[in-house]
Amino acid sequence: MEETVEDPPTSAVLLDHCHFSQVIFNSVEKFYVPGGDVTCYYTLTQHFIPRRKDWIGIFRVGWKTTREYYTFMWVTLPVDLNSDSAKQQEVQFKAYYLPKDDEYYQFCYVDQDGVVRGASIPFQFRPENEDDILVVTTQGEVEEIEQHNKELCKENQELKDSCVSLQKQNSDMQAELHKKEEDLETLKSTNKKLEQQVKAQKDCWETELLQLKEQNQKMATENEKLGVQVEQLQAQLSTQEKEIEKLVQGNQDKTEQLEHLKKEKSQLLLTLTQQREHQKKLEQTVEEMKQEETTAMKKQQELTDENSGLSKTLSENKIMCSTLQREKERLEKENDLLKRENSRLLSYMGLDFDSLPYQVPTSDQGGAGQNPALVYGNPYSGIQESSAPSLRTMKRCPTCKSDLADDIFGPTLEQQHMEALCLNCPICDKTFPAREKQIFEDHVFCHTL
């Protein structure tokens, strides 16, 4: 057979458990002529739904299980189960696969679970003119035929009893179906109420979800701001570490100060860790985050004011540097004039300038009266000190150890110079030297904790 590539699904279910009334076979002949194809017509009842693995088999009368089929054909699934054409189906058996004997057979519809859903009346495969042939049988064959007829009558009675049982079972199933339909209506009503409750609960959850998203967005924004502040602090910390390394390499005298800064650094790291823990606690409530934002804005304003003060100080330092540069150029010009005057006097005295063993006097050899701008010193410092030009009196800054001219740096510029070399805390007005910038920044940072 072309369509019997695989064996059909069968089972060992007995006749008592089958449902013969769900598929009805129509136009079944009493006999079919051997050598020709046989078309099987059947009708699907209202409550039966065919499946892909359903099949129709030809069984010898007296079969017990669906495994005893002689041949079978797969059923064709209808496109629309609700149409009338879908209920009337047919399947064709090829003559090659049909039985060759004259036993009684019947069509049976078997679903994909191996359960019989319908059975036809018995039929035979014999020629049409078989009734016109005179058959001579022996007494034994007659008795055998009579015995066979008795068995057929007995099977017929069993089939009738089975049919009554099936009808009763069908009525019971109809009653059960009606009850199931009532239960289904109740379940639909309950389901509708549950859907309304679920919809209301879903709307409530969506509202809560939107509120949580807004809170999460606010917390994320605050977290980003705090993250930027932490990055700035880390950048400042990195810059401070580089400055510490430069100070260690250039000044061995500041070892104690470096140890102190390291301790301060450890304290800052500990403080930063505590601040992060405190930050996690602050994220629990929105009100505390708003207060933190206000504090951050105040801190930003203070830093802006401090930046303005530093910019002003930088401008004053630039002016001071420009003044010192002009003073340096003027002193260099005076030095050149003194050199030329010195050369002229030496030439007048008949001496060579390069042959004189003059040396630049040091600070402990009368250097207090020398001008630091003269490269070769004053050759007349011991001879004609009274006739030498008077140099500017210098003043040493006690903070930065630099020389300051009295006639250039008046009281106002000297005060500005001292303010530029000192760092004042904008919160508690505490003053730090300019070389202790790291300690000053740590002090200001501690006010924000």
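Leaving aside its neighbours within four places in sequence, which residues is F93 in contact with? They are D37, V38, C40, I56, I58, T71, F72, M73, L98 and F107, where contact means heavy atoms within 4.5 Å. This is a predicted model, in which local features need pLDDT of at least 70 and side-chain atom pairs count only at pLDDT 80 or more, while totals for chains, interfaces and linings use all residues. Residues are numbered from 1 along each chain as its sequence is written, and side-chain values use heavy atoms, with hydrogens and water left out.

**Nonpolar cores**
- The largest nonpolar core (a set of buried Ala, Val, Leu, Ile, Met, Phe, Trp, Tyr and Cys residues joined through side-chain atoms within 4.5 Å) has 21 residues, of which F25, Y42, I56, F93, F107 and Y109 touch the most other members.
- At least two residues of this core come from each of β1, β3, β4 (55-60), β6 (88-93) and β7 (105-110), and β3 gives the most, with four.
- Another core, of 10 residues, lies apart from it and has F59, W63, W74 and L166 among its members.

**Strands β1 and β3**
- Strands are DSSP runs of E with at least two residues, and helices are runs of H or I with at least four, both numbered from the N terminus.
- Side chains alternate along β1 (residues 23-26), with V23 and F25 pointing to one face and buried (under 20% relative accessible area, 1.4 Å probe, protein chains only), whereas I24 and N26 point to the other and are not buried.
- β1 and β3 (residues 38-44) run antiparallel and are joined by four bridges; strands pair if DSSP finds at least two bridges between them.
- The bridge partner of N26 in β3 is Y41.

**V75**
- V75, in the loop between β5 (69-74) and α1 (84-87), counts as buried because its relative accessibility is 9%.
- V75 and I56 are 19 residues apart in sequence, with their C-alpha atoms 6.7 Å apart in space.

Technical notes: Buried means under 20% relative accessible area, exposed over 50%, partly exposed in between (1.4 Å probe, protein chains only).
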